[in-house]
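Biologist: I'm new to this one, so could you pick a single part and give me a close look at how its pieces fit together?

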Amino acid sequence: MNREDFPILKNNLIYFDNSATTFKPQAVIDSMVDYYTNYTANAHRGDYDNSLKVDIQYEEVRTKVKDFIHAKSEREIIFTSGATDSLNRIVFGYMKTHLKSGDEVLITKAEHASNVLPWLELEKEIGIVVRYIPLENHIVTMENVEKSITEKVKVISLAQVTNVLGDVRPIQEIGKLCQKNHILLVVDGAQSVPHFPVNVEELGIDFLAFSAHKMLGPTGVGVLYGKEKLLEEMRPLEFGGGMNATFSSNGEVEYKSLPSRLEAGTPPIAEVIGMGAAIDYLEKIGMERIHQQEIELKKYFLERAKEVENLVIYNPDLENGLIAFNIDGVFSQDTAVYLNHYHICVRAGNHCAKILKEDLFVKNTCRISFYFYNTKEEVDELIRVLKNTKDLFQIVLS
Ligand SMILES: Cc1ncc(COP(=O)(O)O)c(C=O)c1O
(Lines give C-alpha, C1' and ligand atoms only; values in the text may rest on other atoms or scores of the structure.)
Protein backbone atom coordinates (compact mmCIF):
# COMPACT_ATOMS: atom_id res chain seq x y z
CA MET A 1 0.00 0.00 0.00
CA ASN A 2 1.31 3.50 -0.94
CA ARG A 3 4.82 2.21 -1.61
CA GLU A 4 5.54 4.84 -4.25
CA ASP A 5 5.44 7.53 -1.52
CA PHE A 6 8.52 6.09 0.22
CA PRO A 7 11.78 6.94 -1.59
CA ILE A 8 13.81 4.42 0.41
CA LEU A 9 11.64 1.57 -0.89
CA LYS A 10 13.17 2.11 -4.33
CA ASN A 11 16.23 0.35 -2.92
CA ASN A 12 16.49 -3.38 -3.05
CA LEU A 13 15.38 -3.87 0.54
CA ILE A 14 12.73 -5.77 2.44
CA TYR A 15 12.14 -3.92 5.69
CA PHE A 16 10.43 -5.84 8.46
CA ASP A 17 11.73 -3.81 11.41
CA ASN A 18 8.99 -1.25 11.73
CA SER A 19 8.69 -1.59 15.50
CA ALA A 20 12.21 -0.18 15.74
CA THR A 21 11.49 2.71 13.40
CA THR A 22 9.50 3.27 10.23
CA PHE A 23 10.42 4.65 6.84
CA LYS A 24 9.44 8.23 6.01
CA PRO A 25 7.18 9.20 3.12
CA GLN A 26 8.24 12.00 0.79
CA ALA A 27 5.57 14.28 2.28
CA VAL A 28 7.30 14.14 5.69
CA ILE A 29 10.74 14.71 4.20
CA ASP A 30 9.39 17.60 2.09
CA SER A 31 7.76 19.30 5.06
CA MET A 32 11.08 19.39 6.91
CA VAL A 33 13.09 20.47 3.87
CA ASP A 34 10.52 23.22 3.27
CA TYR A 35 11.05 24.56 6.79
CA TYR A 36 14.84 24.58 6.39
CA THR A 37 14.74 25.90 2.83
CA ASN A 38 11.98 28.48 2.97
CA TYR A 39 11.05 29.71 6.40
CA THR A 40 13.66 28.85 9.05
CA ALA A 41 13.08 30.79 12.25
CA ASN A 42 12.90 29.98 15.94
CA ALA A 43 9.53 29.27 17.53
CA HIS A 44 7.70 31.65 19.86
CA ARG A 45 10.44 34.26 19.73
CA GLY A 46 10.20 36.55 16.68
CA ASP A 47 7.97 39.28 15.31
CA TYR A 48 8.66 38.82 11.61
CA ASP A 49 6.78 36.86 8.95
CA ASN A 50 8.81 33.65 9.00
CA SER A 51 8.77 33.46 12.75
CA LEU A 52 5.02 33.91 12.74
CA LYS A 53 4.69 31.16 10.14
CA VAL A 54 6.78 28.83 12.33
CA ASP A 55 4.60 29.58 15.34
CA ILE A 56 1.46 28.80 13.37
CA GLN A 57 2.87 25.55 11.93
CA TYR A 58 4.24 24.42 15.29
CA GLU A 59 1.01 25.04 17.17
CA GLU A 60 -1.07 23.52 14.37
CA VAL A 61 0.81 20.26 14.94
CA ARG A 62 -0.20 20.38 18.60
CA THR A 63 -3.83 20.57 17.50
CA LYS A 64 -3.27 17.69 15.06
CA VAL A 65 -1.80 15.54 17.83
CA LYS A 66 -4.65 16.50 20.16
CA ASP A 67 -7.21 15.41 17.56
CA PHE A 68 -5.23 12.29 16.61
CA ILE A 69 -5.37 10.87 20.15
CA HIS A 70 -8.68 12.58 21.04
CA ALA A 71 -7.32 14.66 23.90
CA LYS A 72 -9.47 17.46 25.28
CA SER A 73 -7.12 20.37 24.88
CA GLU A 74 -3.83 21.50 23.32
CA ARG A 75 -2.61 22.13 26.86
CA GLU A 76 -2.52 18.37 27.34
CA ILE A 77 0.03 17.87 24.55
CA ILE A 78 3.73 18.36 25.33
CA PHE A 79 6.39 17.86 22.66
CA THR A 80 9.30 15.78 23.94
CA SER A 81 12.21 14.00 22.29
CA GLY A 82 10.33 10.68 22.20
CA ALA A 83 8.59 8.00 24.25
CA THR A 84 11.59 7.47 26.54
CA ASP A 85 11.77 11.17 27.35
CA SER A 86 8.01 11.31 27.93
CA LEU A 87 8.11 8.34 30.33
CA ASN A 88 11.04 9.84 32.24
CA ARG A 89 9.17 13.12 32.62
CA ILE A 90 6.12 11.29 33.94
CA VAL A 91 8.22 9.44 36.51
CA PHE A 92 10.59 12.22 37.60
CA GLY A 93 8.46 15.29 36.82
CA TYR A 94 5.21 14.04 38.33
CA MET A 95 5.50 10.76 40.26
CA LYS A 96 8.58 11.75 42.22
CA THR A 97 6.67 14.54 43.94
CA HIS A 98 3.33 12.74 44.18
CA LEU A 99 4.36 9.26 45.39
CA LYS A 100 5.92 8.37 48.70
CA SER A 101 7.94 5.52 50.15
CA GLY A 102 5.92 2.30 50.18
CA ASP A 103 3.55 3.33 47.38
CA GLU A 104 3.32 0.59 44.76
CA VAL A 105 3.62 0.83 40.99
CA LEU A 106 2.41 -2.09 38.86
CA ILE A 107 4.19 -2.92 35.61
CA THR A 108 4.89 -6.25 33.85
CA LYS A 109 7.95 -8.22 32.89
CA ALA A 110 7.22 -7.58 29.22
CA GLU A 111 7.65 -3.81 29.39
CA HIS A 112 10.23 -1.99 27.34
CA ALA A 113 13.26 -0.77 29.29
CA SER A 114 11.93 2.78 29.01
CA ASN A 115 8.92 1.79 31.10
CA VAL A 116 10.97 -0.17 33.65
CA LEU A 117 14.20 1.63 34.38
CA PRO A 118 12.73 5.04 35.35
CA TRP A 119 10.52 3.26 37.89
CA LEU A 120 13.45 1.22 39.25
CA GLU A 121 15.41 4.45 39.65
CA LEU A 122 12.50 6.05 41.51
CA GLU A 123 12.36 2.97 43.71
CA LYS A 124 15.99 3.63 44.66
CA GLU A 125 15.44 7.37 45.08
CA ILE A 126 12.27 7.55 47.17
CA GLY A 127 11.40 3.97 48.14
CA ILE A 128 8.36 3.25 45.97
CA VAL A 129 7.83 -0.46 45.35
CA VAL A 130 7.76 -1.76 41.76
CA ARG A 131 5.62 -4.88 41.42
CA TYR A 132 4.94 -7.05 38.40
CA ILE A 133 1.47 -8.10 37.28
CA PRO A 134 1.83 -11.87 36.58
CA LEU A 135 1.45 -12.75 32.90
CA GLU A 136 -0.80 -15.56 31.71
CA ASN A 137 0.71 -17.18 28.61
CA HIS A 138 2.76 -13.99 28.32
CA ILE A 139 -0.28 -11.73 28.27
CA VAL A 140 -2.00 -9.42 30.75
CA THR A 141 -5.40 -10.63 31.97
CA MET A 142 -7.95 -8.56 33.85
CA GLU A 143 -8.07 -11.23 36.53
CA ASN A 144 -4.37 -10.82 37.23
CA VAL A 145 -4.59 -7.02 37.17
CA GLU A 146 -7.43 -7.12 39.69
CA LYS A 147 -5.56 -9.61 41.88
CA SER A 148 -2.47 -7.39 41.86
CA ILE A 149 -4.25 -4.31 43.17
CA THR A 150 -3.73 -3.50 46.82
CA GLU A 151 -4.44 -0.36 48.86
CA LYS A 152 -0.87 0.67 48.21
CA VAL A 153 -1.04 0.59 44.39
CA LYS A 154 -1.03 4.17 43.16
CA VAL A 155 0.04 3.70 39.52
CA ILE A 156 -0.31 1.11 36.76
CA SER A 157 2.14 1.68 33.92
CA LEU A 158 1.80 -0.52 30.83
CA ALA A 159 2.56 -0.59 27.15
CA GLN A 160 -0.70 -0.69 25.21
CA VAL A 161 1.08 -3.03 22.78
CA THR A 162 4.32 -4.78 23.70
CA ASN A 163 7.28 -4.64 21.38
CA VAL A 164 8.21 -8.31 21.90
CA LEU A 165 4.98 -10.20 21.15
CA GLY A 166 2.73 -7.35 20.08
CA ASP A 167 -0.03 -8.32 22.50
CA VAL A 168 -2.65 -5.62 22.99
CA ARG A 169 -3.52 -4.91 26.60
CA PRO A 170 -7.15 -4.32 27.72
CA ILE A 171 -6.44 -0.67 28.47
CA GLN A 172 -10.06 0.47 28.59
CA GLU A 173 -10.99 -2.10 31.24
CA ILE A 174 -7.82 -1.36 33.17
CA GLY A 175 -8.69 2.36 32.90
CA LYS A 176 -12.09 1.74 34.51
CA LEU A 177 -10.49 -0.29 37.28
CA CYS A 178 -7.96 2.47 37.87
CA GLN A 179 -10.66 5.11 38.09
CA LYS A 180 -12.59 3.04 40.62
CA ASN A 181 -9.48 2.52 42.76
CA HIS A 182 -7.98 6.03 42.41
CA ILE A 183 -4.98 4.66 40.56
CA LEU A 184 -3.16 6.63 37.85
CA LEU A 185 -2.88 4.88 34.48
CA VAL A 186 0.30 5.50 32.50
CA VAL A 187 0.30 4.07 28.98
CA ASP A 188 3.36 3.55 26.82
CA GLY A 189 1.88 4.04 23.37
CA ALA A 190 5.10 3.64 21.38
CA GLN A 191 3.78 0.51 19.63
CA SER A 192 0.07 1.30 19.60
CA VAL A 193 -0.38 4.91 18.45
CA PRO A 194 1.38 4.18 15.10
CA HIS A 195 -0.81 1.16 14.37
CA PHE A 196 -4.46 1.74 15.33
CA PRO A 197 -6.77 4.49 16.59
CA VAL A 198 -6.11 5.52 20.19
CA ASN A 199 -8.61 7.59 22.15
CA VAL A 200 -7.17 8.71 25.48
CA GLU A 201 -10.53 9.89 26.82
CA GLU A 202 -12.39 6.68 25.99
CA LEU A 203 -9.57 4.52 27.34
CA GLY A 204 -9.28 6.43 30.62
CA ILE A 205 -5.58 7.15 30.17
CA ASP A 206 -3.95 9.66 32.55
CA PHE A 207 -0.55 9.84 30.84
CA LEU A 208 0.45 8.60 27.36
CA ALA A 209 3.91 8.49 25.76
CA PHE A 210 4.85 7.90 22.12
CA SER A 211 7.51 8.64 19.49
CA ALA A 212 7.06 10.17 16.03
CA HIS A 213 9.76 8.05 14.38
CA LYS A 214 7.72 4.86 14.79
CA MET A 215 4.81 6.43 12.89
CA LEU A 216 6.47 7.81 9.72
CA GLY A 217 7.81 10.92 11.47
CA PRO A 218 11.36 12.03 12.19
CA THR A 219 13.55 10.93 15.08
CA GLY A 220 14.08 13.29 18.01
CA VAL A 221 10.46 14.17 18.64
CA GLY A 222 7.58 12.58 20.49
CA VAL A 223 4.62 13.32 22.66
CA LEU A 224 3.75 13.40 26.32
CA TYR A 225 0.01 13.48 26.83
CA GLY A 226 -1.30 14.13 30.31
CA LYS A 227 -4.65 15.13 31.73
CA GLU A 228 -4.49 18.87 32.19
CA LYS A 229 -4.85 18.83 35.96
CA LEU A 230 -1.93 16.37 36.20
CA LEU A 231 0.32 18.33 33.85
CA GLU A 232 -0.46 21.49 35.87
CA GLU A 233 1.25 19.73 38.78
CA MET A 234 4.15 18.31 36.76
CA ARG A 235 7.50 19.80 37.65
CA PRO A 236 9.60 20.77 34.62
CA LEU A 237 12.80 18.75 34.39
CA GLU A 238 14.43 21.49 32.33
CA PHE A 239 14.49 25.20 33.04
CA GLY A 240 15.45 27.99 30.68
CA GLY A 241 14.27 29.93 27.68
CA GLY A 242 10.76 29.62 26.34
CA MET A 243 9.19 28.34 29.56
CA ASN A 244 9.48 31.39 31.82
CA ALA A 245 7.18 34.38 31.87
CA THR A 246 9.51 36.61 33.94
CA PHE A 247 12.45 36.31 36.28
CA SER A 248 14.57 38.80 38.12
CA SER A 249 17.97 38.95 39.79
CA ASN A 250 16.39 38.71 43.23
CA GLY A 251 15.30 35.17 42.38
CA GLU A 252 11.67 35.80 41.59
CA VAL A 253 10.57 33.51 38.80
CA GLU A 254 7.27 33.06 37.07
CA TYR A 255 6.76 30.24 34.62
CA LYS A 256 4.45 30.22 31.63
CA SER A 257 1.25 28.22 31.59
CA LEU A 258 0.87 24.84 29.83
CA PRO A 259 2.14 23.64 27.45
CA SER A 260 5.12 26.08 27.23
CA ARG A 261 6.06 25.55 30.91
CA LEU A 262 7.14 22.00 30.03
CA GLU A 263 9.00 22.84 26.80
CA ALA A 264 12.20 24.63 27.78
CA GLY A 265 14.73 25.69 25.15
CA THR A 266 14.47 25.79 21.38
CA PRO A 267 12.26 22.88 20.43
CA PRO A 268 12.91 20.44 17.56
CA ILE A 269 10.95 22.63 15.14
CA ALA A 270 11.58 20.78 11.88
CA GLU A 271 10.83 17.51 13.63
CA VAL A 272 7.55 18.75 15.08
CA ILE A 273 6.55 19.93 11.59
CA GLY A 274 7.57 16.52 10.20
CA MET A 275 5.46 14.79 12.85
CA GLY A 276 2.49 16.90 11.75
CA ALA A 277 2.99 15.81 8.14
CA ALA A 278 3.21 12.18 9.32
CA ILE A 279 -0.13 12.48 11.14
CA ASP A 280 -1.73 14.02 8.04
CA TYR A 281 -0.40 11.13 6.00
CA LEU A 282 -1.59 8.43 8.42
CA GLU A 283 -5.02 9.98 8.69
CA LYS A 284 -5.37 10.10 4.94
CA ILE A 285 -4.91 6.33 4.80
CA GLY A 286 -6.94 5.72 7.97
CA MET A 287 -5.64 4.06 11.14
CA GLU A 288 -8.20 1.27 10.98
CA ARG A 289 -7.07 0.39 7.45
CA ILE A 290 -3.44 0.39 8.55
CA HIS A 291 -4.27 -2.02 11.37
CA GLN A 292 -6.19 -4.35 9.06
CA GLN A 293 -3.35 -4.45 6.52
CA GLU A 294 -0.86 -5.50 9.21
CA ILE A 295 -3.18 -8.23 10.52
CA GLU A 296 -3.68 -9.44 6.95
CA LEU A 297 0.08 -9.66 6.37
CA LYS A 298 0.59 -11.67 9.55
CA LYS A 299 -2.19 -14.09 8.60
CA TYR A 300 -0.56 -14.55 5.21
CA PHE A 301 2.84 -15.13 6.80
CA LEU A 302 1.41 -17.73 9.21
CA GLU A 303 -0.25 -19.58 6.34
CA ARG A 304 2.95 -19.69 4.31
CA ALA A 305 5.13 -20.40 7.36
CA LYS A 306 3.66 -23.93 7.46
CA GLU A 307 5.96 -24.66 4.52
CA VAL A 308 9.07 -23.90 6.58
CA GLU A 309 10.55 -26.63 8.73
CA ASN A 310 12.02 -25.82 12.15
CA LEU A 311 10.31 -22.48 12.51
CA VAL A 312 9.25 -21.71 16.09
CA ILE A 313 6.66 -18.93 16.28
CA TYR A 314 5.99 -17.57 19.76
CA ASN A 315 2.90 -15.44 19.12
CA PRO A 316 0.79 -17.05 16.36
CA ASP A 317 -2.53 -16.42 18.12
CA LEU A 318 -2.11 -12.72 18.67
CA GLU A 319 -3.88 -10.56 16.12
CA ASN A 320 -1.33 -7.94 15.15
CA GLY A 321 1.45 -7.20 12.69
CA LEU A 322 4.28 -8.66 14.71
CA ILE A 323 5.89 -12.11 14.60
CA ALA A 324 8.36 -13.35 17.17
CA PHE A 325 10.20 -16.41 15.91
CA ASN A 326 13.36 -18.45 15.85
CA ILE A 327 14.70 -21.11 13.55
CA ASP A 328 14.98 -24.06 15.90
CA GLY A 329 18.58 -24.49 17.05
CA VAL A 330 19.83 -21.27 15.43
CA PHE A 331 20.88 -18.22 17.46
CA SER A 332 18.50 -15.39 16.55
CA GLN A 333 21.31 -13.00 15.65
CA ASP A 334 22.63 -15.55 13.17
CA THR A 335 19.20 -15.75 11.56
CA ALA A 336 19.12 -11.95 11.25
CA VAL A 337 22.58 -11.89 9.67
CA TYR A 338 21.52 -14.64 7.28
CA LEU A 339 18.37 -12.73 6.27
CA ASN A 340 20.41 -9.57 5.82
CA HIS A 341 22.40 -11.41 3.17
CA TYR A 342 19.14 -11.44 1.19
CA HIS A 343 18.44 -7.76 2.03
CA ILE A 344 15.73 -8.68 4.51
CA CYS A 345 15.80 -6.58 7.69
CA VAL A 346 14.50 -8.11 10.91
CA ARG A 347 15.39 -7.39 14.50
CA ALA A 348 17.10 -10.01 16.67
CA GLY A 349 17.72 -9.87 20.39
CA ASN A 350 15.75 -9.28 23.55
CA HIS A 351 14.07 -6.13 22.17
CA CYS A 352 14.81 -4.01 25.23
CA ALA A 353 12.44 -6.15 27.33
CA LYS A 354 15.18 -8.03 29.08
CA ILE A 355 13.09 -9.42 31.91
CA LEU A 356 10.76 -11.21 29.53
CA LYS A 357 13.22 -14.08 29.29
CA GLU A 358 12.08 -15.08 32.78
CA ASP A 359 8.60 -15.59 31.35
CA LEU A 360 9.07 -16.63 27.73
CA PHE A 361 12.10 -18.81 28.61
CA VAL A 362 13.99 -17.69 25.53
CA LYS A 363 16.72 -15.14 25.71
CA ASN A 364 16.42 -13.86 22.17
CA THR A 365 13.96 -13.91 19.32
CA CYS A 366 13.83 -12.64 15.77
CA ARG A 367 11.11 -10.11 15.24
CA ILE A 368 9.23 -9.29 12.08
CA SER A 369 7.19 -6.12 12.46
CA PHE A 370 5.03 -5.08 9.52
CA TYR A 371 3.77 -1.70 8.49
CA PHE A 372 1.18 -0.93 5.84
CA TYR A 373 3.76 -0.56 3.06
CA ASN A 374 4.87 -4.18 3.39
CA THR A 375 3.49 -6.63 0.84
CA LYS A 376 2.62 -10.30 0.45
CA GLU A 377 5.36 -10.52 -2.20
CA GLU A 378 7.89 -9.51 0.44
CA VAL A 379 6.53 -12.23 2.72
CA ASP A 380 6.90 -14.70 -0.18
CA GLU A 381 10.56 -13.76 -0.53
CA LEU A 382 11.12 -14.19 3.23
CA ILE A 383 9.53 -17.63 3.11
CA ARG A 384 11.64 -18.60 0.10
CA VAL A 385 14.80 -17.62 1.99
CA LEU A 386 13.70 -19.32 5.23
CA LYS A 387 12.92 -22.54 3.37
CA ASN A 388 16.40 -22.74 2.05
CA THR A 389 18.69 -22.34 5.06
CA LYS A 390 21.25 -24.99 4.15
CA ASP A 391 23.82 -22.28 3.47
CA LEU A 392 22.94 -20.32 6.64
CA PHE A 393 26.10 -20.99 8.61
CA GLN A 394 28.32 -20.48 5.59
CA ILE A 395 26.77 -17.04 5.11
CA VAL A 396 26.92 -16.12 8.80
CA LEU A 397 30.56 -17.15 9.09
CA SER A 398 31.68 -15.51 5.86
C1 LIG B 1 7.06 -0.38 23.79
C2 LIG B 1 8.13 0.67 23.63
N3 LIG B 1 8.23 1.64 24.55
C4 LIG B 1 9.15 2.60 24.47
C5 LIG B 1 10.06 2.63 23.44
C6 LIG B 1 11.08 3.70 23.40
O7 LIG B 1 10.91 4.52 22.29
P8 LIG B 1 12.02 5.61 21.91
O9 LIG B 1 13.31 4.87 21.79
O10 LIG B 1 11.54 6.17 20.63
O11 LIG B 1 12.04 6.61 23.02
C12 LIG B 1 10.01 1.63 22.47
C13 LIG B 1 11.01 1.59 21.38
O14 LIG B 1 11.23 0.59 20.74
C15 LIG B 1 9.01 0.63 22.56
O16 LIG B 1 8.92 -0.35 21.65
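Modeller: Sure, let's start where H10 passes H13 in a right-handed crossing (the near helix is turned clockwise from the far one by less than a right angle; anticlockwise would be left-handed). Keep in mind that this is a predicted model, where local features need pLDDT of at least 70, side-chain atom pairs count only at pLDDT 80 or more, and totals for chains, interfaces and linings use all residues. Residues are numbered from 1 along each chain as its sequence is written.

On the H10 side, Leu297, Tyr300, Phe301, Arg304 and Ala305 make the contact, and H13 brings Lys376, Val379 and Ile383 (contact means C-beta atoms, placed from the backbone, within 7 Å). Sorted by class, that's six nonpolar residues, two charged and no polar ones. H10 covers residues 287-305 and H13 covers 376-387, and their axes lie 10 Å apart at an angle of about 30 degrees (axes are fitted to C-alpha atoms, and angles run from 0 to 180 degrees between N-to-C directions). That's why H10 and H13 count as roughly parallel (under 35 degrees; over 145 is roughly antiparallel, 65 to 115 roughly perpendicular, the rest oblique).

In sequence, the stretch between those two helices holds a sheet, so to speak, worth following along. Four strands form this open sheet, in the order S11-S12-S15-S14, with antiparallel pairing (strands pair if DSSP finds at least two bridges between them). S11 (311-313) and S14 (347-349) sit at the edges with a single partner strand each, so each has one side without a neighbour in the sheet. From one strand to the next, the twist averages 30 degrees. Now look at S12 (residues 322-327) and S15 (residues 365-369): they run antiparallel and are joined by four bridges. Phe325 stands opposite Cys366 in S15. On this sheet packs helix H11 (residues 332-341), which touches S12, S14 and S15, and its direction makes about 160 degrees with that of S14.

For another helix pair, try H2 (residues 49-69) and H9 (residues 269-285), whose axes come within 9 Å and cross at roughly 45 degrees. H2 and H9 are therefore oblique to each other, and their crossing is left-handed. H2 residues including Val54, Tyr58, Val61 and Phe68 meet H9 residues, among them Ile269, Val272 and Ile279. The contact of H2 with H9 has 10 nonpolar, two polar and two charged residues.

Methods. Contact = placed C-beta atoms within 7 Å. Nonpolar A, V, L, I, M, F, W, Y, C, P; charged D, E, K, R; others polar.
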